[in-house]
Amino acid sequence: MNATSLPTADATRSADLYRAVWRWHFYAGLLVLPFMILLAVTGGLYLFRDELDGLWHRDLKQVVVRDAPRQAPSEWVAAALTARPGTVLKFISPATANASAEVVVKTSDGARRSVYVDPYDGRVLGELADRGTVMWLVRRLHSLAEFGTFPNALIEIVGGWSILLVGTGFYLWWPRRQSGGVVTVRGTPAKRVFWRDLHAVTGAFAGIAIGFMALSGMPWSLVWGDKVNEIANSSNYGYPAGVYTAVPMSDEHLAHANGPTAWSLEQAKMPESTPAPVTPIGIDEAAAIIERLGVAPGYTLSLPSGSTGVYSATVYPDDLSKQRVVHLDQYSGAPLIDMSYADYGPAAKAMEWGINVHMGQEFGLANQLFMLALCLAILLMSVSAGVMWWKRRPAGSLGIPPAPQDRSVMRGLVAIMAVVGLIFPLVGASLLVMLALDFLFARTRRAVTHHA
């Protein structure tokens with residue numbers, strides 16, 4: 001090989017690598033963009049869940065502030081049971097002066113109903129199915145849980161391929177002597193280059209944050225999220241050493257007993273009360289103890305289930321430092337476990353911080369607006385990708401980018417994808433399927449070309 005042939009060989013290999021990355025960027029987009037649109041729309045709405053729920057359900061969730069003390073929780077419970085007979089499971093205290101109290105009742109037919117009560121006079125404002133607010137529906141749509149178990153498993157696949165989409169997108173965007181399309185947009189909407197540049201430049205500015213969104217959403221995935229949570233909470237790891245001493249533990253988990261809780265504590269076991277020949281302390285005394293301990297307003301207080309059950313108070317406000325889980329012995333009122341965010345281990349703290357940012361809570365309104373901007377960026381990139389593909393695709397064809405002539409350039413790309421697949425099992429399974437399809441597409445195209 002002479003010296004003048006080296007640049008040509010290098011250029012050919014570079015072009016092949018570009019084709020390989022472009023091809024897999026196309027596959028990733030084909031696979032996840034429809035879901036990304038749904039996640040961006042529902043995620044953007046859920047960032048403002050308190051505001052939208054307060055507006056949509058204002059007749060249930062908002063009350064007139066009065067210059068009078070609130071009634072005792074037992075009176076809220078009594079009012080709720082009068083309106084909806086059954087067994088009280090828990091109540092949610094008002095987080096603000098103009099918020100109602102929510103009492104969750106299990107009816108004789110097993111249904112769970114949320115009864116909303118004016119905390120000042122005990123007037124029942126109305127009721128919904130438990131977790132029946134419009135924002136709970138949006139949350140279930142966002143996690144795909146509304147569509148069943150299998151679609152919910154797609155969250156892990158979408159998250160993993162989104163990370164791949166961001167990585168390959170940065171490679172394709174990287175400046176290669178072009179005069180535009182790096183931080184500026186060329187052309188007009190009538191031209192494909194306009195949509196290409198709009199897609200690339202938006203991705204360049206938003207890509208890293210979108211990758212963070214995908215990664216921080218993984219704790220809710222069906223396989224990886226549940227498995228990591230199970231490992232984190234094995235041997236009751238969810239409660240760090242030193243938080244409790246010689247406390248009897250049940251087989252019940254916090255998420256089952258209390259409902260939605262911090263991801264790190266979903267599978268943490270519940271403690272047990274020690275039966276004693278005394279009258280249980282009652283709901284008002286339990287609430288008073290919880291408030292004396294400084295638990296933030298808006299806490300949920302779950303009532304004991306059976307003679308060994310406990311009063312469990314949980315609160316997860318926007319401020320991570322105020323996250324709190326307190327379990328009280330139902331007879332003595334003694335705190336069996338009292339844990340806050342400060343008691344989490346480093347990994348759990350990092351995970352919870354990521355989730356808090358993902359949900360737009362950590363930095364107030366600025367956090368909400370930043371995440372909303374990312375949701376809008378995803379929608380813009382999805383639309384521009386669709387228009388760009390439509391303008392490029394040959395008639396009657398899917399328009400898959402050409403395969404590299406030298407298939408060996410795929411090795412490094414496949415190795416990177418394999419690492420992602422090992423970390424996220426469902427992503428790995430989908431990668432194997434896409435590799436098989438890519439092989440078939442390439443083989444079919446070569447056969448057609450050879451025949452022609």
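**Exercise 1.** In this predicted model, classify F370 as buried, partly exposed or exposed from its relative accessibility.

*Solution.* The relative accessibility of F370 is 48%. Buried requires under 20% and exposed over 50%; F370 therefore counts as partly exposed. As to its setting, F370 belongs to helix α12, which spans residues 364-392. Its C-alpha lies 9.9 Å from that of V357, a residue 13 positions away in sequence.

**Exercise 2.** Determine how helices α6 and α7 are arranged relative to each other, and which classes of residue form their contact.

*Solution.* Step one concerns the choice of descriptors: two packed helices are described by the angle between their axes and the distance between the axes. For α6 (residues 149-173) and α7 (residues 192-216), the axes come within 9 Å and cross at roughly 140 degrees. That angle makes α6 oblique to α7, given that roughly antiparallel would require over 145 degrees. The crossing is left-handed. Step two concerns the contact itself: α6 contributes residues including I163, V166 and F170, and α7 contributes, among others, R196, A200 and I208. By class, the contact holds 11 nonpolar, 5 polar and 1 charged residues.

**Exercise 3.** Establish which strands pair with β8, and whether its faces are covered or open.

*Solution.* Strand β7 (residues 300-302) pairs with β8 in the antiparallel sense over 3 bridges, and S302 has S312 of β8 as its bridge partner. Strand β9 (residues 324-329) is joined to β8 by 6 bridges, also antiparallel; here V315 stands opposite R324. Turning to burial, 6 of the 6 residues of β8 (residues 310-315) are buried. V310, S312 and T314 lie on one side and Y311, A313 and V315 on the other, so that both faces are covered.

Terms used:
Residues are numbered from 1 along each chain as its sequence is written. This is a predicted model: local features need pLDDT of at least 70, side-chain atom pairs count only at pLDDT 80 or more; totals for chains, interfaces and linings use all residues. Side-chain values use heavy atoms; hydrogens and water are left out. Helices (H or I, at least four residues) and strands (E, at least two) are DSSP runs, numbered from the N terminus. Buried means under 20% relative accessible area, exposed over 50%, partly exposed in between (1.4 Å probe, protein chains only). Two strands pair if DSSP finds at least two bridges between them. Axes are lines fitted to C-alpha atoms, for helices over the stretch in contact, and angles run from 0 to 180 degrees between N-to-C directions. Angles under 35 degrees count as roughly parallel, over 145 as roughly antiparallel, 65 to 115 as roughly perpendicular and the rest as oblique. A crossing is left-handed if the near helix is turned anticlockwise from the far one by less than a right angle, and right-handed if clockwise. Contact means heavy atoms within 4.5 Å. Ala, Val, Leu, Ile, Met, Phe, Trp, Tyr, Cys and Pro count as nonpolar, Asp, Glu, Lys and Arg as charged, and the others, Gly among them, as polar.
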